[in-house]
Amino acid sequence: MSTAYDVIVVGVGGMGSAAASHMAARGLRVLALEQFEPGHSHGSSHGLTRIIRLAYFEHPSYVPLLRRAFALWRDLETGLDEPLLHVTGGLDVGWEGSEVFEGSLRSCREHELAHEVLEAHDLTARFPGWSPAENAIAVYQPDAGFVTPERCIAVHTARAIQAGATVLTNTRVLDVVPEHGGVRVRTSAGEYTAGQVVLSAGPWMADLAPELAPVLSPERQVLGWFDIAQPDAFAPSRFPVFVLDAAEGRYYGFPEYGVPGFKIGCYHHHAERVHPDTMTRTVSARDEDTLRQAVARYFPQANGAMRQSTTCLFTNTPDEHFIIDRAPSAPQVLLVSPCSGHGFKFSSVIGEICADLVQHDRTSHDISLFRLARFARSDRPS
C-alpha cells in the first residue's frame with residue numbers, strides 16, 4: 001500500500017495536538033485532521049482552565065506520568081509571553097475514609113510528595129474563600145495548578161505545523177479503514193493514506209472505532225462561573241485548585257482567571273449519557289442549581305449570579321482510567337483519549353507516548369493501566 005503519510009492523527013484536541021507536535025518534531029510525516037477548529041467548544045478540551053495535580057487520588061501510578069507532563073508543559077511554554085501552566089497549589093478535600101482524601105494521601109506517601117494534611121479550621125484560616133464542613137479534612141499539595149487548554153492546543157498545533165505537519169481543519173472523518181500495510185481515512189475532503197493512525201477523537205471515538213462502543217459512555221458536563229463578593233479570596237495566589245468530596249457530590253474548581261467569576265463543576269453532573277452531535281448545550285436552571293448547592297454551602301463569598309457557563313463532555317470508561325492501546329483487530333490503529341474527564345493535564349506526556357508507540361511500538365512510560373484487554377478480564381474463565 002502506497003502511503004502519503006507516516007501517521008494520520010484524527011482529532012486535534014488536547015491529545016491529538018500533542019501527538020501531532022511530538023511526532024512531527026521527530027521527523028515523521030504527519031497529517032492531523034480536525035472536524036472543527038482546534039480549541040473548539042464542542043468536545044472535551046476547552047473551558048479556559050484545567051486542573052493539573054501530582055497528588056492523584058485516582059491511582060498512584062499516574063504520578064510518574066504527571067511529573068513528566070509538568071516538565072513537558074514547561075518545555076512547551078518556553079519563549080511564550082504567558083505561561084501555559086499556572087501553579088496555585090491544590091486541595092483534595094473530603095472526610096476521613098473518603099476516596100478523594102484517602103487516595104490523594106496515598107499518592108503523596110507512596111511517591112514522597114510534599115504535602116500537608118489540613119483540618120477544617122486550618123483550611124478556612126489559610127484559604128478564606130472556603131467554608132468547609134466541620135468534618136472536612138484536606139490534603140494540600142503545593143505542586144498543583146491549572147493549564148490553559150485552548151492555548152495549549154494552539155501552541156501544540158503551531159509547533160506541529162512548524163515541524164512540518166499538515167493540519168486540516170473543518171474536515172470531518174467519516175471512516176477509518178485498516179488495509180494491508182497501512183490505513184485509509186475517508187473524510188469530507190477526500191481520502192488519505194498512512195502507515196498508522198492515532199485515533200484521538202474524544203467523545204466521537206465509538207463512531208470511528210465501533211469496538212469501543214461497549215466500554216465508552218460520553219457524558220454531558222456543565223461548568224459555571226459565579227460572581228464573587230470578595231475577589232481577593234479567589235485570586236490564584238490565595239485560592240488553590242481543588243477536588244471536593246461532599247454530601248452534595250464531588251466537585252472541582254478554580255481560582256478566578258481569564259474571565260470574571262469562580263469556576264466550578266460537578267463530576268458526573270446529572271449522569272446524562274449523550275452523543276456529542278445531539279447533546280443539549282443550553283445550560284438550564286437545574287444545571288445551575290446542581291453547581292450552586294456546593295457554591296452556597298462551601299464558597300458563600302462566591303454565591304453571586306452565574307455570570308457564564310458552558311457544557312463539555314467526559315468520555316468515561318467503566319473504571320474511569322484511560323485507553324492507550326492498539327486496536328485488537330487492527331494494530332496500525334492506535335486508540336488514544338477516552339480519558340474519563342481527567343485527561344487533559346496528561347496530554348503533553350500522552351503526545352510523547354503516542355510518538356514512542358508510532359515510531360518504536362514501545363514506550364518507557366508505564367501505560368499498563370490503560371490496556372484495552374482489562375475490560376475482558378471479567379469474562380475469562382476462572
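**Notebook: cavities, a small sheet and a helix pair**

I looked up the largest cavity and found that Arg 53, Leu 54, Ala 55, Gly 90, Leu 91, Asp 92, Gln 141, Ala 144, Val 241, Phe 242 and Val 243 line it. Strand E5 (90-94) and strand E14 (241-246) are the elements that each give two or more residues to this lining.

A note on the source: this is a predicted model, where local features need pLDDT of at least 70 and side-chain atom pairs count only at pLDDT 80 or more, while totals for chains, interfaces and linings use all residues. Residues are numbered from 1 along each chain as its sequence is written, and side-chain values use heavy atoms, with hydrogens and water left out.

My terms for this part: a cavity is a set of points on a 1 Å grid over the protein atoms alone where a 1.4 Å probe fits but cannot get out, and lining residues have an atom within 4 Å of a point. Points are joined across faces, edges and corners, and a volume is the space filled by probe spheres set on them. Helices (H or I, at least four residues) and strands (E, at least two) are DSSP runs, numbered from the N terminus.

How many cavities of 30 Å³ or more does the whole structure hold? I got two from the search. The largest has a volume of about 50 Å³, and the second largest holds about 40 Å³.

Next I sorted the linings by class (Ala, Val, Leu, Ile, Met, Phe, Trp, Tyr, Cys and Pro are nonpolar; Asp, Glu, Lys and Arg are charged; the others, Gly among them, are polar). The largest cavity has seven nonpolar, two polar and two charged lining residues. Around the second largest I listed Leu 48, Thr 49, Trp 225, Phe 254, Pro 255, Tyr 257, Gly 261 and Lys 263; these divide into five nonpolar, two polar and one charged.

On to an open sheet of three strands, which I read as E3-E8-E4 with antiparallel pairing (strands pair if DSSP finds at least two bridges between them). Its edge strands are E3 (50-53) and E4 (85-87), each pairing on one side only. E4 pairs with E8 (residues 144-147) over three bridges, and I spotted His 86 opposite Phe 146 in E8.

Last, I checked two helices. The axes (lines fitted to C-alpha atoms over the stretch in contact, with angles from 0 to 180 degrees between N-to-C directions) of H1 (residues 14-25) and H8 (residues 347-360) come within 7 Å and cross at roughly 50 degrees. H1 is therefore oblique to H8, since angles under 35 degrees count as roughly parallel, over 145 as roughly antiparallel, 65 to 115 as roughly perpendicular and the rest as oblique.

Definitions and conventions: 1 Å grid on protein atoms, 1.4 Å probe; cavity = no way out; pocket = protein on both sides within 12 Å on 5 of 7 lines; lining within 4 Å.
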